[in-house]
Amino acid sequence: MAVIVNARVLRILLALLPVLLVGCASQIEAPKPDKADTATPASSSSEVPTRSEALLRLIGQAQAAYQAGSYQRTIDLAERGLRMDRYAPELYLLLAQGYYGLDLPAQAVSFARLGLRYVSARPELKPALQALAEPD
(Lines give C-alpha, C1' and ligand atoms only; values in the text may rest on other atoms or scores of the structure.)
Protein backbone atom coordinates (compact mmCIF):
# COMPACT_ATOMS: atom_id res chain seq x y z
CA MET A 1 0.00 0.00 0.00
CA ALA A 2 2.82 2.42 0.86
CA VAL A 3 4.47 1.82 -2.50
CA ILE A 4 1.24 2.65 -4.32
CA VAL A 5 0.74 5.83 -2.30
CA ASN A 6 4.34 6.91 -2.88
CA ALA A 7 3.99 6.26 -6.61
CA ARG A 8 0.78 8.33 -6.73
CA VAL A 9 2.41 11.17 -4.81
CA LEU A 10 5.39 11.04 -7.13
CA ARG A 11 3.17 11.20 -10.24
CA ILE A 12 1.27 14.16 -8.82
CA LEU A 13 4.47 16.01 -7.97
CA LEU A 14 5.93 15.33 -11.41
CA ALA A 15 2.72 16.59 -13.02
CA LEU A 16 2.82 19.78 -10.95
CA LEU A 17 6.53 20.43 -11.45
CA PRO A 18 6.23 22.30 -14.80
CA VAL A 19 3.44 24.47 -13.38
CA LEU A 20 5.53 25.35 -10.34
CA LEU A 21 8.59 26.12 -12.44
CA VAL A 22 6.65 28.40 -14.80
CA GLY A 23 5.18 30.22 -11.83
CA CYS A 24 8.61 30.75 -10.30
CA ALA A 25 10.16 31.89 -13.56
CA SER A 26 7.47 34.49 -14.21
CA GLN A 27 8.16 36.14 -10.85
CA ILE A 28 11.89 36.57 -11.46
CA GLU A 29 12.87 40.00 -12.70
CA ALA A 30 16.14 40.86 -14.30
CA PRO A 31 18.23 43.12 -12.08
CA LYS A 32 18.31 46.73 -13.15
CA PRO A 33 21.82 47.88 -13.96
CA ASP A 34 23.36 50.53 -11.75
CA LYS A 35 25.02 53.54 -13.26
CA ALA A 36 28.30 52.13 -11.94
CA ASP A 37 27.69 48.89 -13.85
CA THR A 38 27.21 50.68 -17.15
CA ALA A 39 30.44 52.66 -16.89
CA THR A 40 33.23 51.80 -19.30
CA PRO A 41 36.03 49.83 -17.62
CA ALA A 42 39.28 51.70 -17.08
CA SER A 43 41.44 49.15 -18.88
CA SER A 44 40.92 48.14 -22.47
CA SER A 45 39.85 44.59 -23.30
CA SER A 46 43.19 43.95 -25.03
CA GLU A 47 45.02 44.33 -21.70
CA VAL A 48 43.88 41.17 -19.96
CA PRO A 49 45.79 40.65 -16.72
CA THR A 50 47.48 37.27 -16.54
CA ARG A 51 47.22 37.03 -12.77
CA SER A 52 44.73 38.31 -10.29
CA GLU A 53 45.74 40.63 -7.51
CA ALA A 54 44.38 38.12 -5.02
CA LEU A 55 46.69 35.41 -6.34
CA LEU A 56 49.71 37.71 -6.25
CA ARG A 57 48.84 38.73 -2.69
CA LEU A 58 48.53 35.06 -1.71
CA ILE A 59 51.92 34.25 -3.25
CA GLY A 60 53.46 37.13 -1.32
CA GLN A 61 51.91 35.92 1.93
CA ALA A 62 53.15 32.38 1.31
CA GLN A 63 56.68 33.65 0.59
CA ALA A 64 56.61 35.70 3.80
CA ALA A 65 55.39 32.69 5.77
CA TYR A 66 58.21 30.57 4.34
CA GLN A 67 60.83 33.20 5.20
CA ALA A 68 59.41 33.36 8.74
CA GLY A 69 59.80 29.59 9.07
CA SER A 70 56.04 28.95 9.16
CA TYR A 71 56.12 25.99 6.81
CA GLN A 72 52.61 24.69 7.42
CA ARG A 73 51.19 28.18 6.75
CA THR A 74 53.30 28.30 3.57
CA ILE A 75 51.72 25.05 2.42
CA ASP A 76 48.21 26.17 3.32
CA LEU A 77 48.56 29.44 1.42
CA ALA A 78 50.16 27.79 -1.60
CA GLU A 79 47.36 25.22 -1.74
CA ARG A 80 44.81 28.04 -1.70
CA GLY A 81 46.71 29.64 -4.53
CA LEU A 82 46.60 26.42 -6.55
CA ARG A 83 42.81 26.56 -6.37
CA MET A 84 43.06 29.91 -8.16
CA ASP A 85 45.77 28.98 -10.65
CA ARG A 86 47.00 25.42 -10.80
CA TYR A 87 49.63 26.32 -13.42
CA ALA A 88 51.61 28.77 -11.25
CA PRO A 89 55.10 27.28 -10.81
CA GLU A 90 55.94 29.53 -7.85
CA LEU A 91 53.14 27.88 -5.88
CA TYR A 92 54.67 24.46 -6.51
CA LEU A 93 58.04 25.84 -5.47
CA LEU A 94 56.53 27.16 -2.24
CA LEU A 95 54.87 23.81 -1.60
CA ALA A 96 58.14 21.99 -2.17
CA GLN A 97 60.01 24.39 0.12
CA GLY A 98 57.31 24.09 2.78
CA TYR A 99 57.40 20.30 2.72
CA TYR A 100 61.20 20.29 2.93
CA GLY A 101 60.88 22.63 5.89
CA LEU A 102 58.56 20.11 7.55
CA ASP A 103 61.09 17.34 6.78
CA LEU A 104 58.79 15.62 4.28
CA PRO A 105 61.14 15.22 1.32
CA ALA A 106 58.95 12.83 -0.69
CA GLN A 107 56.15 15.40 -0.93
CA ALA A 108 58.67 18.14 -1.60
CA VAL A 109 60.17 16.25 -4.54
CA SER A 110 56.71 15.50 -5.89
CA PHE A 111 55.62 19.15 -5.87
CA ALA A 112 58.92 20.33 -7.30
CA ARG A 113 58.51 17.91 -10.21
CA LEU A 114 54.98 19.16 -10.77
CA GLY A 115 56.27 22.72 -10.78
CA LEU A 116 58.78 21.82 -13.50
CA ARG A 117 55.84 21.00 -15.79
CA TYR A 118 54.65 24.61 -15.64
CA VAL A 119 57.95 26.46 -15.33
CA SER A 120 57.94 27.71 -18.93
CA ALA A 121 55.88 30.69 -17.73
CA ARG A 122 58.58 31.59 -15.17
CA PRO A 123 61.94 30.20 -16.37
CA GLU A 124 63.83 31.94 -13.55
CA LEU A 125 62.26 29.41 -11.15
CA LYS A 126 63.61 26.39 -13.03
CA PRO A 127 66.95 26.07 -11.15
CA ALA A 128 65.26 26.15 -7.75
CA LEU A 129 62.62 23.63 -8.79
CA GLN A 130 65.27 21.34 -10.34
CA ALA A 131 67.35 21.45 -7.17
CA LEU A 132 64.32 20.45 -5.08
CA ALA A 133 63.13 17.82 -7.59
CA GLU A 134 66.34 15.79 -7.37
CA PRO A 135 66.18 13.39 -4.44
CA ASP A 136 69.22 13.25 -2.20
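**Exercise 1. Work out how much surface the chain exposes, and how much of the chain is buried.**

Solution. Start with the surface of this predicted model: the chain exposes about 10,000 Å². Next, ask which atoms supply it: carbon and sulfur account for 58%. Now turn to the inside. The chain has 136 residues, and buried ones make up 25% of them.

**Exercise 2. Describe the fold by its helices and strands.**

Solution. Count the elements: you get six helices and zero strands. Read along the sequence, that gives α-α-α-α-α-α. Then look at the contacts with a separation of 6 or more: 47% of them are between residues 24 or more positions apart.

**Exercise 3. Find the largest nonpolar core and say which helix gives the largest share of it.**

Solution. First, some background: in soluble globular proteins, nonpolar side chains tend to be buried together. Here, the largest nonpolar core has 25 residues. The members touching the most other members are Leu91, Leu95, Tyr99, Phe111, Ala112 and Leu129. Next, see where the core comes from. Two or more residues each are given by helix 2 (53-67), helix 3 (71-84), helix 4 (89-101), helix 5 (105-117) and helix 6 (126-133). Helix 4 gives the largest share, with seven residues.

**Exercise 4. Classify the ring pairs Tyr87 with Tyr118 and Tyr99 with Phe111.**

Solution. A search of the whole structure turns up five aromatic pairs. Take Tyr87 and Tyr118: their ring centres are 5.2 Å apart and their planes sit at 75 degrees. Planes over 60 degrees apart count as edge-to-face, so that's what this pair is. Tyr87 is in the loop between helix 3 and helix 4, while Tyr118 is in the loop between helix 5 and helix 6, 31 residues apart.

Now for Tyr99 and Phe111. Their ring centres are 5.5 Å apart, with planes at 5 degrees. Under 30 degrees counts as stacked, so this pair is stacked. It links Tyr99 in helix 4 to Phe111 in helix 5, 12 residues apart.

Finally, put the rings together: Tyr87, Tyr92, Tyr99, Phe111 and Tyr118 form one aromatic cluster.

**Exercise 5. Decide whether Tyr87, Tyr99 and Phe111 are buried or partly exposed.**

Solution. The cut-off for buried is under 20% relative accessible area. Tyr99, at 13%, is therefore buried, and Phe111, at 18%, is buried too. Tyr87 has 42%, so it is partly exposed. As for the company Tyr99 keeps, leave aside neighbours within four places in sequence: its contacts are Ile75, Glu79, Leu104, Gln107, Ala108 and Phe111.

**Exercise 6. Trace the salt bridges that involve Arg122.**

Solution. The structure holds two salt bridges. In one, Arg122 pairs with Glu90, and the closest N and O atoms are 2.4 Å apart. Arg122 lies in the loop between helix 5 and helix 6 and Glu90 in helix 4, so this pair ties together parts 32 residues apart in sequence. Arg122 also meets Glu124, at 2.5 Å from N to O. Put together, Glu90, Arg122 and Glu124 form a network.

Now check exposure. Glu90 has a relative accessible area of 6%, so it is buried. Arg122, at 27%, is partly exposed, and Glu124, at 49%, also counts as partly exposed.

**Exercise 7. Locate Asp85 and list what it touches.**

Solution. Asp85 sits in the loop between helix 3 and helix 4. Its relative accessibility is 18%, so it counts as buried. Skip residues up to four places away in sequence, and Asp85 touches Arg51, Leu55 and Leu91.

Key
Residues are numbered from 1 along each chain as its sequence is written. This is a predicted model: local features need pLDDT of at least 70, side-chain atom pairs count only at pLDDT 80 or more; totals for chains, interfaces and linings use all residues. Side-chain values use heavy atoms; hydrogens and water are left out. A nonpolar core is a set of buried Ala, Val, Leu, Ile, Met, Phe, Trp, Tyr and Cys residues joined through side-chain atoms within 4.5 Å. Buried means under 20% relative accessible area, exposed over 50%, partly exposed in between (1.4 Å probe, protein chains only). Helices (H or I, at least four residues) and strands (E, at least two) are DSSP runs, numbered from the N terminus. Contact means heavy atoms within 4.5 Å. Accessible areas come from the Shrake-Rupley method with a 1.4 Å probe; for residues, only the protein chains shown count as cover. Rings of Phe, Tyr and Trp (its six-membered ring) pair if their centres lie within 6.5 Å; planes under 30 degrees apart count as stacked, over 60 as edge-to-face and the rest as tilted. A salt bridge is a side-chain nitrogen of Lys or Arg within 4 Å of a carboxyl oxygen of Asp or Glu.
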